[in-house]
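Q: I'm new to this one and would like to learn how to read it. Could you walk me through it step by step?

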Amino acid sequence: MYGYDGDGMSGWMWLWGAALVIGVLVLIGGLVWAIVVTTAHRRVPQAGGAGPAPARQILDERYARGELDTQEYRERVATLGG
């Protein structure tokens, strides 16, 4: 009957369906990758990492700006255990 094979997917038509499925999977993978890359810098470092603890770092910055005198700085460092 005029080239109709009866299954509805004549010739190479199945390739379009496969291309659509692959395209959707690639799109989803790209979105997941973009989310991971853009949020990676927001992760909070774990305790015990290299560098001072956040409280000590704030204390050092305040001392450097002159907001604390030497005696008050040393007292607060001792309170923090450093």
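Q: In what order do the elements of the chain run from the N terminus on?
A: Start with the overall layout. This is a predicted model, by the way. Going from the N terminus, the elements run α-α-α, and the count is three helices and zero strands.

Q: How much of the chain is buried?
A: Look at the share of buried residues, then at the surface. Here buried residues make up 5% of the 82 residues. The chain exposes about 7,400 Å², and carbon and sulfur atoms supply 66% of that area.

Q: Which residues form a nonpolar patch on the surface?
A: For a patch, you look for nonpolar side chains that sit together and still have accessible area. In this chain, Leu-20, Val-24, Ile-28, Val-32 and Val-36 make one, with about 440 Å² of accessible area together. Take Val-24 as an example: it lies in helix H1, which covers residues 13-39. Val-24 counts as partly exposed because its relative accessibility is 41%, and partly exposed means between 20% and 50%.

Q: How do H2 and H3 lie relative to each other, parallel or antiparallel?
A: Check the angle between the axes, taken in the N-to-C directions. The axes of H2 and H3 cross at roughly 175° and come within 11 Å. An angle over 145 degrees counts as roughly antiparallel, so that is how H2 and H3 are described.

Q: Which residues of H2 and H3 meet?
A: Read this one helix at a time. From H2 come Ala-55, Arg-56, Leu-59, Asp-60, Arg-62 and Tyr-63. On the H3 side, they meet Thr-70, Tyr-73, Arg-76, Val-77 and Leu-80.

Q: How many salt bridges does the structure hold?
A: To find one, look for a side-chain nitrogen of Lys or Arg within 4 Å of a carboxyl oxygen of Asp or Glu. The structure holds four salt bridges. Let's go through some of them.

Q: What separates Asp-60 and Arg-56 along helix H2?
A: Count the residues between the partners. Asp-60 and Arg-56 are separated by about one helical turn, because they are four residues apart in H2 (residues 54-65). Their side chains meet in a salt bridge at 3.1 Å, N to O. Asp-60 is partly exposed, with a relative accessible area of 26%, and Arg-56 is partly exposed too, at 27%.

Q: And where in the chain do Arg-76 and Glu-72 sit?
A: Try the counting again. Arg-76 and Glu-72 are in helix H3 (residues 70-80), four residues apart, so about one helical turn separates them. The closest N and O atoms of their salt bridge are 2.7 Å apart. Arg-76 counts as partly exposed at 33% relative accessibility, while Glu-72 is partly exposed with a relative accessible area of 27%.

Q: Which residues are linked in a network of salt bridges?
A: A network shows up when you follow the links from one residue to the next. In this model, Arg-62, Arg-65 and Glu-67 are linked that way. Between Glu-67 and Arg-65, the closest N and O atoms are 2.9 Å apart.

Q: Is Arg-65 buried or exposed?
A: Here the cut-off helps: exposed means over 50%. Arg-65 has 53% relative accessibility, so it counts as exposed. Its partner Glu-67 is partly exposed, with a relative accessible area of 43%.

Notes. Residues numbered from 1 in each chain as written. Predicted model: local features only at pLDDT ≥ 70, side-chain atom pairs only at ≥ 80, totals over all residues. Heavy atoms only, no water. Patch = residues over 30% accessible without salt bridge, like charges linked within 9 Å, V, L, I, M, F, W, Y side chains within 5 Å. Areas by Shrake-Rupley, 256 points an atom, 1.4 Å probe, with all protein chains shown as cover. Helix = DSSP H or I, 4+ residues; strand = E, 2+ residues; numbered from the N terminus. Buried < 20%, exposed > 50% of the residue type's maximum accessible area, 1.4 Å probe, protein only. Axes fitted to C-alpha atoms, helices over the stretch in contact; angles between N-to-C directions. Parallel < 35°, antiparallel > 145°, perpendicular 65-115°, else oblique. Contact = heavy atoms within 4.5 Å.
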